[in-house]
Amino acid sequence: MEYRKIYIENFGKIRSAEIELAPMLLFVGDNNSGKTLTMELIYGVVNLLCSWKSNVTSVKRTMIDDITYYGFGDIWFSDLEKEINNYFKVNKVEFVINCFSKIIPLESIMIRFEDTKDYSYIYSISDTISLEKKYPDEHRELLMQDESIPNAGIDDYLVQNILKDILSIDLHERQLFVPASRAGLQMLYRYYFALPKASTEFPLAIYEFLQFLQTYSSKSILLDEENEIVQFVEQNILGGTVAFENNEFVYKDGANVMPINYASSMIHELSSITNVYKSSEAIGMIYYDEVENSVNPIKQGDVARALIRMCNNGKKVIASTHSDTMASKINNLMLLSKMKNIEKKNDKLEKLNLEVKDMLDNDKKIIVYEFKKAENGKVRVNALDFITYPKIGYSFERFNENIDNLYEEASCITE
């Protein structure tokens with residue numbers, strides 16, 4: 001098992017947090033508890049790592065049959081951690097301003113690459129160049145081959161590709177943050193870049209979302225698995241298609257075609273899912289803030305299914321929610337995913353009108369983090385345990401408290 005963790009101390013309202021960058025993360029909790037801020041911080045960390053220029057003096061170099069091999073192993077990983085964490089320590093203010101365009105209190109931030117001893121990276125130069133990932137059993141996975149890289153930039157290029165692989169992002173993919181205010185931003189993004197620079201101080205994650213919209217173009221052909229997810233979202237959630245035509249997003253419902261500005265708020269909120277797959281720019285990591293915005297509780301179950309399908313498709317997904325319905329839907333899907341009796345599982349899938357594609361793959365992992373306010377105003381961030389027996393799954397303490405209060409209130413009124 002590979003772990004990449006971010007450690008945070010006294011960040012905004014958050015007292016401390018230890019976030020593992022698993023294939024799927026769900027942040028739950030009250031308003032103003034730091035979920036969005038944490039997502040934007042993670043975005044900034046990943047952005048930094050994917051453009052990192054590392055010292056490669058500890059890389060092992062060997063020459064065999066006129067082929068030069070570079071070995072990135074334990075010592076290099078250890079040095080890399082020290083480099084990055086020293087950068088955070090020395091340039092903490094600069095990093096925060098780059099992420100948020102403002103000063104946000106942050107006592108400390110660190111990263112850890114754990115279990116890197118289980119593999120190494122080998123870069124070779126001959127007539128072609130290649131980058132391979134080598135596992136303890138000597139099995140090698142080819143990551144890149146025959147790329148045109150200027151000699152002067154080879155070291156930096158290799159390090160950036162290795163870090164992307166460590167983060168489980170494809171070498172040619174980027175990340176995309178979809179903000180909670182996406183409906184308004186999608187209507188106004190064209191005007192944003194015409195404003196004076198002094199008026200454009202958004203966090204990096206939101207700024208790059210606006211750039212994504214501003215420079216958007218559609219690819220001509222979708223892969224089969226991409227098309228399956230797009231069709232699922234369009235048929236089960238949007239009730240139509242979102243397309244990019246004549247340099248603008250439009251919503252199509254049968255013969256009706258209208259600018260997306262005039263579609264419902266739900267279309268605005270969830271169109272980014274299909275836009276990610278239809279974009280000519282490859283997206284490997286998607287952050288969906290307040291994913292349930294403007295979504296009917298009945299439809300939230302289909303949104304939960306879409307998120308899991310995206311994760312199974314290879315996207316890294318980080319989503320936040322205030323909705324007990326959304327959290328419960330994901331919890332139910334996870335309870336089903338972890339059922340070991342296949343015959344019984346298939347029977348339940350049929351009864352619930354679900355598909356095997358809605359089950360999280362065995363090689364994927366979801367972690368749910370609860371943001372809970374303490375008496376001193378600080379927020380505790382805890383990874384919730386998945387309770388398999390009795391079959392509870394995740395125990396959402398804050399949501400359960402709210403449901404109990406509503407029940408007691410109704411009992412008081414009707415008694």
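## Cysteines and disulfides

In this predicted model, Cys-99 has a relative accessible area of 3% and is buried, and Cys-311, at 1% relative accessibility, likewise counts as buried. Both values fall under the 20% limit, which means that each residue is assigned to the buried class. With a disulfide taken as a pair of cysteine sulfur atoms within 2.5 Å, the count for the model comes to zero.

## Overall composition

The chain has 415 residues, of which 49% count as buried, and its secondary structure comprises twelve helices and 19 strands. Among contacts between residues at least 6 apart in sequence, 68% join residues that are at least 24 apart.

## Nonpolar cores

In soluble globular proteins, nonpolar side chains tend to be buried together. The largest nonpolar core in this model contains 67 residues, and within this core Phe-72 and Phe-95 touch the most other members. Helix α1, spanning residues 35-50, gives the most to this core, contributing nine residues. Apart from this core lies another, made up of 57 residues, which include Met-24, Met-266, Leu-307 and the buried Cys-311.

Phe-95 merits a closer description. When its neighbours within four places in sequence are left aside, Phe-95 is in contact with Leu-41, Gly-44, Val-45 and Leu-48, and also with Tyr-87, Phe-88 and Ile-109.

## Packing of helices α2 and α3

Which residues of α2 meet α3? On the side of α2 they are Tyr-87, Phe-88, Lys-89 and Val-90, and their counterparts in α3 are Lys-92, Glu-94, Phe-95 and Asn-98. Phe-95 thus appears both in this contact and in the largest nonpolar core. The residues of the contact divide into four nonpolar, one polar and three charged.

The axes of helix α2 (residues 74-90) and helix α3 (residues 92-100) come within 4 Å of each other and cross at roughly 85°. Because angles of 65 to 115 degrees count as roughly perpendicular, α2 and α3 are roughly perpendicular to each other.

## Glu-269 in helix α8

Is Glu-269 buried or exposed? This residue, which lies in helix α8 (residues 265-278), has a relative accessibility of 5% and therefore counts as buried. The C-alpha atom of Glu-269 is separated by 8.2 Å from that of Ala-180, although the two residues are 89 residues apart along the chain.

How values were computed:
Residues are numbered from 1 along each chain as its sequence is written. This is a predicted model: local features need pLDDT of at least 70, side-chain atom pairs count only at pLDDT 80 or more; totals for chains, interfaces and linings use all residues. Side-chain values use heavy atoms; hydrogens and water are left out. A nonpolar core is a set of buried Ala, Val, Leu, Ile, Met, Phe, Trp, Tyr and Cys residues joined through side-chain atoms within 4.5 Å. Buried means under 20% relative accessible area, exposed over 50%, partly exposed in between (1.4 Å probe, protein chains only). Helices (H or I, at least four residues) and strands (E, at least two) are DSSP runs, numbered from the N terminus. Contact means heavy atoms within 4.5 Å. Axes are lines fitted to C-alpha atoms, for helices over the stretch in contact, and angles run from 0 to 180 degrees between N-to-C directions. Angles under 35 degrees count as roughly parallel, over 145 as roughly antiparallel, 65 to 115 as roughly perpendicular and the rest as oblique. Ala, Val, Leu, Ile, Met, Phe, Trp, Tyr, Cys and Pro count as nonpolar, Asp, Glu, Lys and Arg as charged, and the others, Gly among them, as polar.
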